[in-house]
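Please open the model in your viewer and keep the sequence panel visible. The tour begins with the whole chain and then turns to one element.

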Amino acid sequence: MSDFDFQSFNLALNQEYIELDLFHYGLAKFSPEEFEEAGLSADYQFLIEYMADQEVGHAKLISDIIYPNGAKQCQYQYPFNTVREFIDFCQKLTRWGESGVYGFLPHLDNRAPAELLINSITTEARQQMIFRQFEGLFPMAVYFIAGIPQAWAWTLLAPYLVHCPAENPHIEWQNFPALDIVNNPSGIRDDSKAAVSTNVSALSYPGMEVQFKWENPGKTVSYDGKYTTSTSAGAPKYALWVSQLNSTYTPLYDIKDNCASTKQPDGRVFGDGTAPIWNDTMFIALTDDNVFITPYNISLVNPHIVAGPAIYQAG
């Protein structure tokens with residue numbers, strides 16, 4: 001395998017391990033009664049357990065592909081205290097896990113393991129949709145699922161790794177400064193219940209003011225103090241919205257002290273009567289330029305990223 005292939009698969013393996021741990025952790029942390037209160041019956045709880053078992057298989061597959069140099073499981077930290085927050089984090093983490101693989105699959109040098117990873121990530125796509133159903137969100141609010149570069153997936157994943165075995169290979173992808181969406185819409189509702197489908201409307205709307213704050217580069221992140229955030233970009237000028245087949249820039253305003261705002265764009269995938277572009281669980285990053293990118297070469301924007309990406313819960 002090329003170094004590009006190895007580093008891509010090593011990142012994917014670290015993603016599979018946190019999913020495996022996360023699903024088991026949530027089931028152990030909360031009582032059956034707490035799950036029941038959120039509308040998650042014993043059958044639904046078993047499905048979460050089975051999804052954890054799927055992750056055992058995914059981790060085994062990737063470990064075998066890059067044997068004997070693959071990572072081992074780490075220790076993690078999680079940002080939730082309730083069942084609903086647990087489910088919300090699961091659907092966001094599986095989104096960037098899924099999109100992170102879509103981003104590098106067509107660029108792999110070795111096509112044979114690419115086929116095996118497709119067999120794995122198609123299952124993860126189903127997991128992401130199921131967690132949306134568990135949260136009471138509309139399960140499939142888009143026509144297409146966007147891919148993101150490895151550095152984006154690693155930036156999102158890195159804060160949750162606390163300690164890893166010393167022999168784990170260093171993850172070579174860049175860590176960008178963290179981006180916080182201050183008024184990020186939330187899919188967590190006290191009265192929400194698990195459902196196969198609901199008629200819940202979008203959580204955001206075109207023209208909505210979205211507020212950001214972000215960190216400076218040079219912060220130590222992720223496990224054992226081994227990683228530092230960095231950027232080669234200049235001053236922030238745009239918010240880059242990545243959803244479906246689209247990457248769209250909107251200008252920032254009120255830029256001061258690592259804070260800024262923008263307006264959520266409008267638009268539909270193929271014009272009137274088709275799906276809104278800005279929906280579902282999507283990505284936003286801040287950039288210093290509005291360089292042209294396509295779904296295939298989105299990593300060309302990396303030198304221009306000031307901070308992010310962050311997960312935006314548009315619907």
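The stops below proceed from the overall fold to a single helix.

This is a predicted model, in which local features need pLDDT of at least 70, side-chain atom pairs count only at pLDDT 80 or more, and totals for chains, interfaces and linings use all residues. Residues are numbered from 1 along each chain as its sequence is written, and side-chain values use heavy atoms, with hydrogens and water left out.

**The whole protein**

Select the entire protein in cartoon view: six helices and twelve strands make up its secondary structure (DSSP runs numbered from the N terminus, with helices being H or I of at least four residues and strands E of at least two). The radius of gyration, taken over C-alpha atoms, is 19 Å, close to the 20 Å that the globule rule (2.2 Å times the number of residues to the power 0.38) gives for 315 residues, so the protein is as compact as a globular protein of that length. Along the principal axes, the C-alpha atoms fill a box of roughly 45 × 45 × 35 Å.

Next, colour by burial: 54% of the 315 residues are buried, meaning under 20% relative accessible area with a 1.4 Å probe, protein chains only.

**Helix 3**

Select residues 42–65, the 24 residues of helix 3. From first C-alpha to last, helix 3 reaches 35 Å, close to the 34 Å expected at 1.5 Å a residue (1.5 Å times one less than the number of residues).

Which residues of helix 3 are buried? Show Gln45, Ile48, Met51, Ala52, Glu55, His58, Ala59, Ile62 and Ser63 as sticks. Finally, add helix 1 (3–29), helix 2 (32–37), helix 4 (83–104) and helix 5 (111–135), against which these buried residues pack.

Technical notes
Buried means under 20% relative accessible area, exposed over 50%, partly exposed in between (1.4 Å probe, protein chains only). Contact means heavy atoms within 4.5 Å.
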